[in-house]
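Colleague: Could you take me through one part of this model in close detail? I would like the sheet, and then whatever sits around it.

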Amino acid sequence: MIPMDAQPIPIILIDMAGFSRLKTMPEQRAILLRLDTLLVQVLKTFTGRVDPRRAFAWQSTGDGYYITLEGYATPEAMRFAVDLERALAADNTRFPNAPLR
């Protein structure tokens with residue numbers, strides 16, 4: 001049973017659409033590196049922390065991540081998700097032939 005005073009922990013799930021269609025390991029690595037770099041940038045901006053990897057539990061799923069935003073309220077997690085969507089859209093304008101989706 002969940003205690004009555006338990007606080008929800010927001011979890012952000014990121015999954016790359018079409019990742020399995022990438023043919024080569026260098027293509028896959030390049031896409032994952034872009035995503036990883038983008039996530040670190042957005043998390044740094046969102047939290048003001050220098051190293052978000054130490055601040056949050058996050059796990060690779062192979063073609064994406066899940067990140068627990070423990071200590072953040074749901075509205076803050078939603079703001080992070082919106083910031084991430086905007087960053088993805090901006091990144092995709094720079095790489096129109098290889099969008100992150």
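Modeller: Here is the sheet, followed by its surroundings. Bear in mind that this is a predicted model.

Start with the overall layout. The protein chain has 3 helices and 3 strands. Read from the N terminus, the elements follow the pattern β-α-α-β-β-α. The C-alpha atoms fill a box of roughly 50 × 30 × 20 Å along the principal axes.

Now the sheet. It is open and has 3 strands, in the order β1-β3-β2. The pairing is antiparallel. Strands β1 (11-15) and β2 (57-60) are the edges, and each pairs on one side only. Neighbouring strands are turned by 10 degrees against each other on average, with direction ignored. In general, strands of a sheet pair through backbone hydrogen bonds.

Look next at how β2 meets β3. Strand β3 covers residues 64-68. The two strands pair in the antiparallel sense over 4 bridges. Which residue is the bridge partner of W58 in β3? The partner is I67. A57 stands opposite T68, again in β3. The connection between these two strands is a hairpin, with 3 residues between them. G62 lies in that turn and has a positive phi of about 100 degrees.

What packs on the sheet? Helix α1 (residues 25-47) does. Helix α1 touches β1, β2 and β3. Its direction makes about 20 degrees with that of β3.

Helix α1 also takes part in a salt bridge. The structure holds 2 salt bridges. One of them joins D91 and R34, whose closest N and O atoms are 2.4 Å apart. D91 belongs to helix α3 (residues 74-94) and R34 to helix α1, so the pair ties together parts that are 57 residues apart in sequence. As a rule, side chains of opposite charge can pair when their charged atoms come close.

Last, the open space. The largest pocket has a volume of about 200 Å³. How many residues line the largest pocket? The count is 13. Nearest the centre of this pocket lie L22, I31, A98, P99 and R101. By type, the lining divides into 8 nonpolar, 2 polar and 3 charged residues.

To put the sheet back together: β3 sits between β1 and β2 in the strand order, and helix α1 packs on the sheet.

Technical notes: Residues numbered from 1 in each chain as written. Predicted model: local features only at pLDDT ≥ 70, side-chain atom pairs only at ≥ 80, totals over all residues. Heavy atoms only, no water. 1 Å grid on protein atoms, 1.4 Å probe; cavity = no way out; pocket = protein on both sides within 12 Å on 5 of 7 lines; lining within 4 Å. Points joined across faces, edges and corners; volume = space filled by probe spheres on them. Nonpolar A, V, L, I, M, F, W, Y, C, P; charged D, E, K, R; others polar. Pairing = 2+ DSSP bridges. Axes fitted to C-alpha atoms, helices over the stretch in contact; angles between N-to-C directions. Contact = heavy atoms within 4.5 Å. Salt bridge = Lys/Arg side-chain N within 4 Å of Asp/Glu carboxyl O.
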